[in-house]
Amino acid sequence: MKLCLPLAATCRSLICVPRAQPFATAASSGVGLGLPRVAELIGSATPGSVVVMAGAGVSVSSGIPDFRSPGTGLYDNLQEYGLPYPEAIFDLDFYRRNPKPFQRLCKELWPGNFAPSPTHYFFKLLHDKGKLRRVFTQNIDSLETASGLPADLVVAAHGNFDGAHRVTDTGHPGAAVPLEEVRQAALHGGDAEWDALFEAHGGPVKPSIVFFGEQLPRRFFELARADFPKCELLLVLGTSLGVHPFAGLVGETRVGVPRLLINRDRVGEHLGLDFASGTDGWVGGDSDAAVRELASLLGWTAELEQLV
Ligand code: OAD
């Protein structure tokens, strides 16, 4: 059954859904569609037909922890903020009541200190080779564009730090706030500076990253509707596929379109990924190792390493 991203989807806000536990994995485990076949598919793909879905795992080797990996993920390391539950740090209702935890964490999240990973550069190479249609990313670190990928080929589904706005009660972003004011408060200020912003703008402000309970950018829905019917190969990397509506995109390809999950954990079967079908595949282990192998199979190693 297809979701087809109906127009009503433009009103959907970010939600985290309970999902099946990931399988335990060994490095370089895998099942179904494998890298050699995927390399052939990339090689023969028509221009602009490969769609990428990315999550926090692709930035782990850049030095940014993911969210849900036990022990190392951000959500296992927020004890100092005294949150009722970890995701509260990115929850709109919670932020309205208690903005301090996010405001204190904001300094660490602000992009600028990290370089793209080999996986980001592989996305850039897919573009250089004319194969890439779009990268849909959940990441807020802007490392896709930092790799040199043109901004119009990237959909930041959960926003980023390129803008700031006042928080409203509706889940839609309120009036834009000068980014520099928020950046100064986050990087060089403290509670007093954030409180001054509240006073100046008549309510809480925040960078334009999407919180739980907030609407995703309209561009996400528009480009998902445009791109997935044209997709000939879907690459899904570094995501637990636990947050909707982003995760639901895996079900938006046409029937029979190959889908490859490159992820430490085997996930997504609850969303219809069928690793026994021969159409879908899972490659375990680190995404950097997998994309390097793909580059090697495609004869692109020198170009990838030059970018890295
Ligand atoms: P998660 O932390 O939920 O999942 C990251 C996935 O990447 C896990 O399955 C890891 O096993 C895997 N992983 C970690 N390192 C990897 C590596 N080097 N190579 C391959 N796989 C690796 O992150 P997301 O799925 O991106 O939302 O999380 C989705 C959303 O939940 C985020 O955008 C964020 C969060 O709440 C907001 O903050 C709004």
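**Pockets and ligand contacts in a predicted model**

User: From which domains does the lining of the largest pocket draw at least three residues each?
Analyst: The model is predicted, so local features need pLDDT of at least 70 and side-chain atom pairs pLDDT 80 or more, while totals for chains, interfaces and linings use all residues. Residues are numbered from 1 along each chain as its sequence is written, and side-chain values use heavy atoms, without hydrogens and water. The lining of the largest pocket (an open set of 1 Å grid points over the protein atoms alone where a 1.4 Å probe fits, with protein on both sides within 12 Å along at least five of seven lines; lining residues have an atom within 4 Å of a point) takes at least three residues from each of two domains, with bounds from an automatic or database assignment. They are domain 1 (31–64 + 115–158 + 216–307) and domain 2 (65–113 + 161–209).

User: What is the volume of the largest pocket, and which lining residues are closest to its centre?
Analyst: The volume, the space filled by probe spheres set on the grid points, is about 820 Å³ for the largest pocket. Its lining has 44 residues, and the closest to the centre are A56, D66, F67, R68 and S240.

User: How many residues in the lining of the largest pocket are charged?
Analyst: Charged means Asp, Glu, Lys and Arg; Ala, Val, Leu, Ile, Met, Phe, Trp, Tyr, Cys and Pro are nonpolar, and the others, Gly among them, polar. The lining of the largest pocket has 18 nonpolar and 17 polar residues. The charged ones number 9.

User: Which residues are closest to the centre of the second largest pocket?
Analyst: The second largest pocket holds about 440 Å³ of space. Of its 28 lining residues, the closest to the centre are I64, P65, E108, L109 and F114.

User: How many residues in the lining of the second largest pocket are nonpolar?
Analyst: This lining, too, draws at least three residues from each of domain 1 and domain 2. Its polar residues number 9 and its charged residues 3. The nonpolar count is 16.

User: Which residues come nearest to the ligand?
Analyst: There are 25 residues around the ligand, each with a heavy atom within 4 Å of it. Those that come nearest are F67, R68, Y75, T239 and S240.

User: How far is the side chain of H158 from an oxygen atom of the ligand?
Analyst: Polar contacts are pairs of N or O atoms within 3.5 Å. Backbone atoms make two such contacts with ligand oxygen, one from Q138 at 3.3 Å and one from G238 at 3.4 Å. For an N or O atom in the side chain of H158, the distance is 2.8 Å.

User: Which residues does a cis peptide bond join?
Analyst: Most residues other than glycine have a negative phi, and most peptide bonds are trans. S142, which is not glycine, has a positive phi near 60 degrees. The cis bond, with omega about 10 degrees, joins H244 and P245.

How values were computed
A polar contact is a pair of N or O atoms within 3.5 Å; within protein, one must be able to donate a hydrogen and the other to accept it, and residues adjacent in sequence count only if both atoms are side-chain atoms.
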